[in-house]
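Got the viewer open and a cartoon on screen? Let's take a walk through this one, a stop at a time.

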Amino acid sequence: MSAPTPITVAMLQATLDAAGAELRDGDILLVRTGYLTAYKSSDDRADFAVNRDCPGLHAGEEMAEFLWDSGVAAIATDNPAVEVVP
């Protein structure tokens, strides 16, 4: 298994900047990691789902402050959890 990838505030901000976007009060943050595409193309989906680390938002005070300060109302991702697994 590979190490899970935490998505940091810096990564989110760089993505927003590159897209010329900004978060506003009430926005829904959609994070596409590619997990679902990889899952759908897997030959053994049962094994893939059980034995796969997946990226997710870094758990920490900086992320909590970023989400709070930006006014995000909800977060959705294309992987099994919003946070890093395991």
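Before the first selection, a word on labels: helices (H or I, at least four residues) and strands (E, at least two) are DSSP runs, numbered from the N terminus. With that in hand, you can find Pro 55 in the loop between helix H3 (45-50) and strand S3 (56-57). One more thing to keep in mind: what you have on screen is a predicted model.

**The whole chain**

Zoom out. You should be able to pick out four helices and four strands. Trace the cartoon along the sequence and the pattern reads β-α-β-α-α-β-α-β. The C-alpha trace spans about 40 × 25 × 20 Å along its principal axes. Of the 86 residues, 27% count as buried. If you look at contacts between residues at least 6 apart in sequence, 80% of them join residues at least 24 apart.

**Stop 1: helix H1**

Select residues 9-19, which make up H1. Show side chains for Val 9, Leu 12 and Leu 16, the buried residues of this helix. Now look down the axis of H1: its buried residues fall within an arc of 65°, so they line one face of the helix. Turn to the face pointing away from that buried side and you'll meet the exposed residues Ala 10, Thr 15, Asp 17 and Ala 18. What lies over the buried residues of H1? The cover includes S1, S2, S3 and H4. Just past the end of H1, click on Gly 20, which takes a positive phi of about 70°.

**Stop 2: helix H4**

Next, select residues 61-70 for H4. Which residues of H4 are buried? Light up Met 63, Phe 66, Leu 67 and Ser 70. Seen down the axis of H4, these buried residues fall within an arc of 90°, so they line one face of the helix. On the other side of H4 sit Glu 61, Trp 68 and Asp 69, which are exposed. The cover over the buried residues of H4 includes strand S1 (6-7), H1, S2, S3 and S4.

Stay with Ser 70 for a moment. Why does it count as buried? Its relative accessibility is 12%, and the cut-off for buried is under 20%, so Ser 70 qualifies. Leaving out residues up to four places away in sequence, Ser 70 touches Leu 23, Arg 24 and Asp 25. Step along to Gly 71, just after H4, and you'll find a positive phi of about 80°.

**Stop 3: where H1 meets H4**

Show both helices together. H1 and H4 pack at an angle of about 35°, with their axes 9 Å apart. On the H1 side, pick Val 9, Leu 12, Gln 13 and Leu 16; on the H4 side, they meet Glu 62, Met 63 and Phe 66. Color this contact by class and you get five nonpolar, one polar and one charged residues.

**Stop 4: strand S2**

Select residues 28-31, strand S2. In a regular strand the side chains alternate between the two faces of the sheet. Here, Leu 29 and Val 31 make up the covered face of S2, while Ile 28 and Leu 30 are on the uncovered one. Add S4 (residues 74-77): S2 and S4 pair in the parallel sense over four bridges. Look across from Val 31 and you'll see Thr 77 in S4.

**Stop 5: the core**

Now show these as spheres: Ile 7, Val 9, Leu 12, Leu 16, Leu 23, Leu 29, Val 31, Leu 57, Met 63, Phe 66, Leu 67 and Val 72. These twelve residues form the largest nonpolar core. H1, S2 and H4 are the elements that give two or more residues to this core. Center on Leu 67: leaving aside neighbours within four places in sequence, Leu 67 is in contact with Leu 29, Leu 57, Val 72 and Ile 75.

**Stop 6: Asn 79 and Pro 55**

Last, head to the segment after S4 and click on Asn 79. Buried or exposed? Asn 79 counts as buried, at 8% relative accessibility. Not counting residues up to four places away in sequence, Asn 79 touches Thr 33, Tyr 35, Cys 54, Pro 55 and Gly 56. Measure C-alpha to C-alpha from Asn 79 to Leu 57 and you should get 11 Å, for a pair 22 residues apart in sequence.

Finish back at Pro 55. Setting aside neighbours within four places in sequence, the contacts of Pro 55 are Thr 5, Thr 33, Asn 79, Ala 81, Glu 83 and Val 84. From Pro 55 to Leu 16, the C-alpha to C-alpha distance is 18 Å, with their positions 39 residues apart in sequence.

Definitions and conventions
Residues are numbered from 1 along each chain as its sequence is written. Side-chain values use heavy atoms; hydrogens and water are left out. Axes are lines fitted to C-alpha atoms, for helices over the stretch in contact, and angles run from 0 to 180 degrees between N-to-C directions. Contact means heavy atoms within 4.5 Å. Ala, Val, Leu, Ile, Met, Phe, Trp, Tyr, Cys and Pro count as nonpolar, Asp, Glu, Lys and Arg as charged, and the others, Gly among them, as polar. Buried means under 20% relative accessible area, exposed over 50%, partly exposed in between (1.4 Å probe, protein chains only). Two strands pair if DSSP finds at least two bridges between them. A nonpolar core is a set of buried Ala, Val, Leu, Ile, Met, Phe, Trp, Tyr and Cys residues joined through side-chain atoms within 4.5 Å. The arc is that of the directions from the helix axis to the C-beta atoms.
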